[in-house]
Amino acid sequence: MITVVGTGTGAPVGEDVLAGAALVVGGRRHLDAVRLPDGAERVVLGPLAPALDVIERHLEKESRVVVLASGDPGFFGIVRVLAERFGSRRLEVRPGVSSVAAAFARVGLPWDDAVVVSAHGRELRTALNVCRAHPKVAVLTGPGAGPAELGAALRHHARDASAGPVAVPAAGSPEPETASAHAPRERVLVVACALGSAEERVERVTPAEAAARNWGSDVSVVLCLDETRALGGVRTVAGAPAGPARWALDEGGFAHRDSMITKFEVRALALARLGPRLGDLVWDVGAGSGSVAVECARLGAAVVAVEKAADGVARIRANARAHGVDVDVVHGSAPECLDALDDPDAVFVGGGGRELPAVVGACARRARRTVVVAMAALDRVPAARQALTAAGFTCDGVLLQSSRLAPLPGDVTRLAATNPVFLLWGDRTPVPSEGVVQ
C-alpha cells in the first residue's frame with residue numbers, strides 16, 4: 001500500500017503514519033517538518049517520473065511507502081497520478097485541509113459556490129477567463145501563472161467605468177427611459193502564501209497591486225472575488241453553476257433599439273455553433289443590444305462585446321446587469337479595435353455593412369475554434385464565406401426563415417413571418433483546453 005497524507009495547511013503528520021515506512025516521498029518543506037523512521041529512504045519531489053520509479057521499486061519489494069502532499073491530495077493533487085500508475089486499490093488516502101478551503105477560511109467566506117481552476121503547469125488563459133466570468137474563483141497557481149501574472153491580465157481587461165447615465169430604449173418601447181450604464185464590477189485578489197506554515201501570508205490586493213509585486217514561489221492559491229457578490233446564495237450543488245434553465249431568450253428580455261436585436265430563433269442556432277462554456281472567451285462583434293453576449297455569459301463564458309455606438313455600449317451594460325452576468329464592453333469600430341483583445345475561442349459577428357468581410361477575416365485569423373456570422377443581405381454571404389475559408393475554416397451555413405404564431409381578432413391565429421437571416425459558421429480543428437476547472 002501507498003499511504004498518501006495531506007499536510008501543509010496546519011495538520012501535523014503523526015508518528016504512527018510514518019512508522020514502518022521504508023520510503024517517504026514529498027516536497028522538501030514537508031519532509032523537513034517530519035522525523036523519518038530509521039533507515040527510511042527520502043525522496044524530494046521534483047519531476048514526478050523518477051519519484052514514481054522509486055515508489056515502484058519499493059512496492060515490488062512489498063515495502064511500505066508514504067507520500068506527503070499539500071492539503072487534500074485528491075483535489076488537483078498527486079492521488080490522480082498515483083492511481084493512474086499503481087491503481088486506486090493500492091492507495092490509502094488521508095486527506096488534509098485543501099489550500100482552497102484554508103484560503104476561504106482565512107477570509108471568512110463559504111466556498112460551496114466557488115469555481116476552482118488549476119493554472120499549475122498550464123496556460124493562464126483558462127483561469128483568466130473563469131475569473132472574468134464568475135464572482136468567486138480560486139486559482140491554484142504555478143510558475144508563470146501566479147498572482148502577478150493574473151493581476152496583470154485582469155488589469156489589462158479592466159472595464160471602462162467612465163460612462164455615466166445614458167438614455168436606453170426599453171424593450172418593445174419607442175420612447176427612451178433613463179438607465180444607468182452600470183459601472184463595471186471590480187475584482188479583488190486574495191493571495192494566500194505558504195498556508196499552514198510559520199511563513200503563512202494572506203493578503204488582499206487589487207489586480208494592479210498584485211501585478212506590481214514579486215510574490216516568489218510559495219503562493220499556493222489566489223482567490224479572485226467580486227466582493228459585492230461574495231456571499232452568493234444558498235446552494236444545493238457545489239462548484240461551477242450548472243448553467244441557465246433556458247437560453248435563446250425572448251427579445252422582450254433585452255433592451256433594444258427599433259427591434260435591432262438578434263431574434264431568438266437565430267440566437268438559438270448561433271449559440272449551438274458557438275458552444276460557449278466555462279473557461280472560454282467569446283467575442284460578440286457588432287453587438288447591438290448584446291443579446292448574444294449576454295447569453296454566452298449566462299452559459300459560463302467570459303465575453304467581450306464590441307459596439308461602435310455609444311448608446312449601444314450603455315444598452316449592453318444594462319442588459320448584462322439585468323441578467324446578472326459580466327460582459328466586457330469595448331466602445332470602438334471593428335476590425336481596428338480588435339488588436340488589443342486576447343484571442344477568443346469563438347466569435348459572433350452581427351451586422352452586415354460593407355466592412356463585414358474585413359471584420360470576419362480579422363476575427364477568423366484570431367479565433368481558436370469557431371466564427372459565426374449573421375447577415376440579412378444575400379450580397380454579403382459570398383465575401384463572408386470567402387473570408388472564413390481563406391483563414392483555414394471549414395464553412396457551412398443556413399438561411400433561417402421562421403413564422404411565429406400571432407393573434408387575430410375573433411380568437412384566431414395567423415403566422416407572422418420574421419425577416420430571413422443567413423447564418424454562416426466556420427470551424428477549426430478542435431484546440432484542447434489548457435485549464436482544469438471544477
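In this predicted model, helix 9 and helix 10 touch through a small set of side-by-side names worth finding on your screen: Arg 267, Leu 271 and Leu 274 from helix 9 meet Ser 291, Val 292, Glu 295 and Cys 296 from helix 10. Sorted by class, this contact holds four nonpolar residues, one polar residue and two charged ones.

How do the two helices lie relative to each other? Helix 9 covers residues 264–274 and helix 10 covers residues 291–298, and their axes come within 11 Å while crossing at roughly 50°. Angles from 35 up to 65 degrees fall outside the parallel and perpendicular classes, so helix 9 and helix 10 are oblique to each other. Their crossing is right-handed.

Now for the other pair, helix 3 and helix 4. On the helix 3 side, the contact is made by Leu 48, Leu 52, Asp 53, Ile 55, Glu 56 and Leu 59, which meet Val 81, Leu 82, Arg 85 and Phe 86 of helix 4. Seven of the residues in this contact are nonpolar, none is polar and three are charged. Helix 3 and helix 4 are oblique to each other, and helix 3 passes helix 4 in a right-handed crossing.

Two packed helices are described by the angle between their axes and the distance between the axes, so here are those values together:

| Helix pair | Residues | Axes come within | Crossing angle |
|---|---|---|---|
| Helix 3 and helix 4 | 48–60 and 79–86 | 12 Å | roughly 50° |
| Helix 9 and helix 10 | 264–274 and 291–298 | 11 Å | roughly 50° |

Terms used:
Residues are numbered from 1 along each chain as its sequence is written. This is a predicted model: local features need pLDDT of at least 70, side-chain atom pairs count only at pLDDT 80 or more; totals for chains, interfaces and linings use all residues. Side-chain values use heavy atoms; hydrogens and water are left out. Axes are lines fitted to C-alpha atoms, for helices over the stretch in contact, and angles run from 0 to 180 degrees between N-to-C directions. Helices (H or I, at least four residues) and strands (E, at least two) are DSSP runs, numbered from the N terminus. Angles under 35 degrees count as roughly parallel, over 145 as roughly antiparallel, 65 to 115 as roughly perpendicular and the rest as oblique. A crossing is left-handed if the near helix is turned anticlockwise from the far one by less than a right angle, and right-handed if clockwise. Contact means heavy atoms within 4.5 Å. Ala, Val, Leu, Ile, Met, Phe, Trp, Tyr, Cys and Pro count as nonpolar, Asp, Glu, Lys and Arg as charged, and the others, Gly among them, as polar.
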